[in-house]
Amino acid sequence: MQSVLENQENLNSELIALRDRVAELEVIAARHEDVERKLARLANFPEQNPNMVIEIDLSGHTTYLNPVAQDQFPDLWVKGHDHPILHDLSSIVSALRADRQGYFVREVDVADRIYEQKICCTAEDVLVRIYVHDITELKRAEDRLQQLAERMRWLTQRVVLAQEEERQRVSRELHDEAGQALTALKISLELIRADLPPEAAALRPNFDDVISLTDATHQQIRLLARGLRPPALDTVGLNLTLEGFCNDFARLTHLDIAYTGTETRPLPDTVNICFYRVLQEALTNVAAHAQADRVWVELRCESDRTCLTIRDRGRGFDWQAQATSRPQAGIGLLGMRERLDLLGGWLDIDSVPGQGTCLTACLPLEVL
Ligand SMILES: Nc1ncnc2c1ncn2[C@@H]1O[C@H](COP(=O)(O)OP(=O)(O)O)[C@@H](O)[C@H]1O
Ligand SMILES: [Mg+2]
């Protein structure tokens, strides 16, 4: 137990650190976009351009280098289009002239640097102008960002899995340990009640109360254990588990829930649990926020995906406005999205104030 919690805490702090790093990298990317905008404005002033501007004629001789190009690749004067930074230029120029395209963009690796090039023909069609921008840092930042995104995804997956494992363990312990202890307690109380001497007969109603309380507590523990990890998932499968959950929920909340579902082919446990949690949260939201009288739940299988829809005819809400004005408003919908996203799925939210809400959660059959 201790190590699972510690593990989870470590994962959480690593996630927070990664999020900070992603924010930093996003600043670098934004700065790069700003530079690109400035460069576009400078295109007509090659002397002032902080990047390289190269011109060569159609026979491949260099005719112009701006100060930066002159500084970085002076040998362009000698090598012309045989210089590694201009490799394969002739074929690109031929294609540009033949197709009358405006310009061609490519990336070229020279030594350990990466250059983005924009190649165009001058208006008279006798010179080729190449704008060269060193994007090595940006590329490295992008690669790092990609690695971080993958790491973050992996960590989030670990957190969700660790949570589910822990819930399963607590659920089993509640069911087995606490459940069996309460059963033993009830039997003992019943035996004592049966053996009460006549002079203690007045205590009988007290025993009745305590025995009822033991029953009620046992029932609550059973419900709690089932909420933590529905044992039905392992025995009767997803469809009947979801139907059972709807029935229990309807009984507890007096909501009128109409369930339709089909048997799915065997799905991974992660997928089953994901649908179960989505249904739990969606129905809890209906009960808490929708003021609905009727709810429709449908589980259906399509050729490449399984989808679960929860539709109520309650008061609805403005999902878009809420997402922008109160991004931290609730973690329920966000949590559903994250869970589905981790398995390559998605959540559609269709809600209009006054017209009810429809949530559709889909997971591809080929989960990640
Ligand atoms: N079925 C629904 N009907 C009406 N409003 C809803 C419904 N589901 C969600 N909402 C709105 O979306 C908000 C965010 O939901 P959620 O992310 O689950 O967070 P929470 O339930 O903790 O508020 C809710 O506070 C509510 O305003
Ligand atoms: Mg909620």
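Two residues are in contact if their C-beta atoms, placed from the backbone, lie within 7 Å. Helices (H or I, at least four residues) and strands (E, at least two) are DSSP runs, numbered from the N terminus.

The model is predicted, so local features require pLDDT of at least 70 and side-chain atom pairs pLDDT 80 or more, whereas totals for chains, interfaces and linings use all residues. Residues are numbered from 1 along each chain as its sequence is written, and chains are lettered from A and ligands numbered from 1 in the order in which they are written.

**Exercise 1.** State which residues bring helix H5 and helix H11 together, and describe the geometry of the packing.

*Solution.*
Step 1. Locate the helices: H5 covers residues 136–194, and H11 covers residues 331–342.
Step 2. List the contacts: Arg153, Thr156, Gln157 and Val160 of H5 meet Glu338, Arg339 and Leu342 of H11.
Step 3. Sort them by class: the contact has two nonpolar, two polar and three charged residues. Here Ala, Val, Leu, Ile, Met, Phe, Trp, Tyr, Cys and Pro count as nonpolar, Asp, Glu, Lys and Arg as charged, and the others, Gly among them, as polar.
Step 4. Read the angle: the helices pack at about 110°, with their axes 10 Å apart. Axes are lines fitted to C-alpha atoms, for helices over the stretch in contact, and angles run from 0 to 180 degrees between N-to-C directions.
Step 5. Classify the angle: H5 is therefore roughly perpendicular to H11, a term that covers 65 to 115 degrees.

**Exercise 2.** Determine the strand order of the sheet that contains E6, and identify its edge strands.

*Solution.*
Step 1. Write the order: five strands form an open sheet, E6-E7-E8-E10-E9, with mixed pairing. Two strands pair if DSSP finds at least two bridges between them.
Step 2. Find the edges: strand E6 (256–261) and strand E9 (346–351) each have a single partner strand, so one side of each is left without a neighbour in the sheet.
Step 3. Examine one pair: E7 (residues 294–301) and E8 (residues 305–312) are antiparallel over seven bridges. Trp296 stands opposite Arg311 in E8.
Step 4. Add the helices: H8 (residues 238–253) packs on the sheet, touching E6 and E7, and its direction makes about 175° with that of E6. H11 touches E9 and strand E10 (357–364), at about 145° to the direction of E9.

**Exercise 3.** Describe the sheet with the order E2-E1-E5-E4-E3.

*Solution.*
Step 1. Give the type: this is an open sheet of five strands with antiparallel pairing.
Step 2. Name the edges: strand E2 (62–65) and strand E3 (103–110) each have a single partner strand, so one side of each lacks a neighbour in the sheet.
Step 3. State the turn: neighbouring strands are turned by 25° against each other on average, direction ignored.
Step 4. Follow E5 (residues 127–134): this strand pairs with E1 (residues 52–57) in the antiparallel sense over six bridges, and Ile56 stands opposite Val128 in E5. E4 and E5 are antiparallel over seven bridges, and the bridge partner of Tyr115 is Asp134 in E5.

Technical notes
Angles under 35 degrees count as roughly parallel, over 145 as roughly antiparallel, 65 to 115 as roughly perpendicular and the rest as oblique.
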